[in-house]
Amino acid sequence: MTERPTATTTTISAVKNFEGKLVRIRGWLYNKRSSGKILFLIVRDGTGIIQCVASKGDVGEEMFKNLDGLTQESSLIVEGTVHKDNRAPGGYELQVTSCEIVSQAWPDYPIALKEHGPEFLLDHRHLWIRTPKQRAILTVRAEVMRSAREFLDSEGFVEVSAPVLTPSACEGTSTLFATEYFGEMAYLSQSGQLYNEATIMALGKVYCFGPTFRAEKSKTRRHLTEFWMLEPEAAFMTFEELLDLEERMVSFIVHRVLDRCSKELADVGRNPKDLEDIAPPFPRMTYDDAVKLLHENGFEFEWGDDFGAPHETFLASQHHRPLFVTHYPTKAKAFYMEPHPERPEVVLAADLLAPEGYGEIIGGSQRIHDYDLLLQRIREHNLPMEAYDWYLDLRKFGTVPHSGFGLGIERFVAWICHLDHLREASPFPRMINRIRP
Ligand code: 4AD
Ligand code: MG
């Protein structure tokens, strides 16, 4: 007596290893076509999409009827034999031998397979993320996060988490989210930097990685109110070494994504050729030269102001690699930045501007390590002294020159995936007019 072969449970991305074999796929019905006696079930499982071909003869009359009545997003477990088929979306298809319907979805799935407006999609973000492009973006995002950690770990940085509830501002008081904290005021963190500056004195090279918050009143395609920031910081790191670290890290991440997410880049419509040249050194330009270039090209811009989106877009569009703009006016930047030794009206700071109009993906600087100057800056910026006494301690006990930067994950992913708006780079974006779902 011949035994029926047992099916191996696997994923759609791995069926290529099972040609001619019986496998079991667990997923959701994405789409369905029928040609009378044959049903084409397009099934997705998070790793990919596969066409499953069911015939009445193979699955029996009753199962065939049940499959024919399946609604979009019904969950199911399909068993079938793997066949290579170059015409099929992933290169393989399943000849269905049996199927278990785990749950028949309600018939009114909101994200029907047609065009929807952005507000409708955002209202249904919990379902929208199931579509191939959104799945691909979230996968690239995970690879960006994983490879950033891999790079920093390999360079000897130690990940140290910074608190989310804080008593003070890092990036200015105008974009703080406040909350009541047992009779005191507390704020959602804008950046873990100030804490990094403490932990480097314990560990040398550190990074924190987590959600950060800005009560941004502006409705732009580049601003979220909650976003993830990766923030490395190192004791004794000079401004030059900082830029070197940034360009090596950005290039490393880009090439990891090219190596590991080629399918996802195709799903989001990004041509990998656009990214292949991303390698050190990145072009550099001082703020002064940037202002000159803007003037030469008809922009009205006053020395001392911070760049807006049109300025950043113009400057970065001159290059195919990200552009460093360095030495910003002291008065346009944060209180903690180290002044240029010969020109105190500018700081040792650099923004890294992504090509193609994606704007600033990294902000970084050398930090003030002198106690008296830092105290003066805290006063000039009208910051509440009692919230910064611990931060000043760091300049009393073994202060050293140090530098660090913050990379905004959603800005980075939006650039890599060529997205129109940052909101698609976040699983559940938070914006001025949106906190749901
Ligand atoms: O330039 P920012 O404000 O720098 C800091 O917060 C520093 N304390 C970081 C540090 O040196 N450790 O922000 C850093 C990056 C920006 O370059 C941008 O990529 C991103 O964070 N970012 C935002 N992303 C999405 N929405 C917003 N509202 C953002 N604001 C900043
Ligand atoms: Mg900035």
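Me: Why is Ser 365 called buried?

Reply: Happy to go through that one. In this predicted model, Ser 365 has a relative accessibility of 0%. Buried means under 20% relative accessible area, so Ser 365 counts as buried. Ser 365 is found in strand β16.

Me: What makes the pairing of the side chains of Ser 365 and Arg 367 a polar contact?

Reply: The distance is what to look at here. The two side chains come to 2.8 Å in this contact, and the cut-off for a pair of N or O atoms is within 3.5 Å. The value meets that limit, so the pair is listed as a polar contact.

Me: Why is Leu 165 called partly exposed?

Reply: Leu 165 has 44% relative accessibility. Buried would be under 20% and exposed over 50%, with partly exposed in between. The 44% of Leu 165 falls in that middle range, so Leu 165 counts as partly exposed. The residue sits in strand β8, which covers residues 165–166.

Me: What makes Leu 165 eligible for a nonpolar patch on the surface?

Reply: Patch members need over 30% relative accessible area and no salt bridge. Leu 165, at 44%, passes the area limit. Its partners in the patch are Tyr 181 and Phe 182, and together the three residues have about 370 Å² of accessible area.

Me: How do you know that ligand 1 has polar partners on the protein?

Reply: Let's take three distances in turn. A nitrogen atom of ligand 1 is 3.0 Å from a polar backbone atom of Leu 224. An oxygen atom of the ligand lies 2.6 Å from an N or O atom in the Glu 360 side chain, and an oxygen atom of ligand 1 is 3.0 Å from a polar backbone atom of Ile 361. The limit is within 3.5 Å, so these pairs count as polar contacts.

Me: How much of ligand 1 does the protein bury?

Reply: Taken alone, ligand 1 exposes 630 Å², and 94% of that is buried by the protein.

Me: Which residues come nearest to ligand 1, and what makes up its shell by class?

Reply: There are 24 residues around ligand 1, and Glu 171, Gln 193, Arg 214, Glu 231 and Glu 360 come nearest. By class, the shell has nine nonpolar, seven polar and eight charged residues. Strands β12 (226–235), β16 (359–366) and β17 (402–408) each supply at least two residues of this shell.

Me: How many helices and strands does the protein have?

Reply: The protein has 14 helices and 17 strands. Of its 437 residues, 51% are buried.

Key: Residues are numbered from 1 along each chain as its sequence is written. Chains are lettered from A and ligands numbered from 1 in the order in which they are written. This is a predicted model: local features need pLDDT of at least 70, side-chain atom pairs count only at pLDDT 80 or more; totals for chains, interfaces and linings use all residues. Side-chain values use heavy atoms; hydrogens and water are left out. A residue is near a molecule or strand if one of its heavy atoms lies within 4 Å of it. A polar contact is a pair of N or O atoms within 3.5 Å; within protein, one must be able to donate a hydrogen and the other to accept it, and residues adjacent in sequence count only if both atoms are side-chain atoms. Accessible areas come from the Shrake-Rupley method with a 1.4 Å probe; for residues, only the protein chains shown count as cover. Helices (H or I, at least four residues) and strands (E, at least two) are DSSP runs, numbered from the N terminus. Ala, Val, Leu, Ile, Met, Phe, Trp, Tyr, Cys and Pro count as nonpolar, Asp, Glu, Lys and Arg as charged, and the others, Gly among them, as polar. Patches are made of residues with over 30% relative accessible area and no salt bridge: like charges are joined within 9 Å, nonpolar side chains (Val, Leu, Ile, Met, Phe, Trp, Tyr) within 5 Å. A salt bridge is a side-chain nitrogen of Lys or Arg within 4 Å of a carboxyl oxygen of Asp or Glu. Buried means under 20% relative accessible area, exposed over 50%, partly exposed in between (1.4 Å probe, protein chains only).
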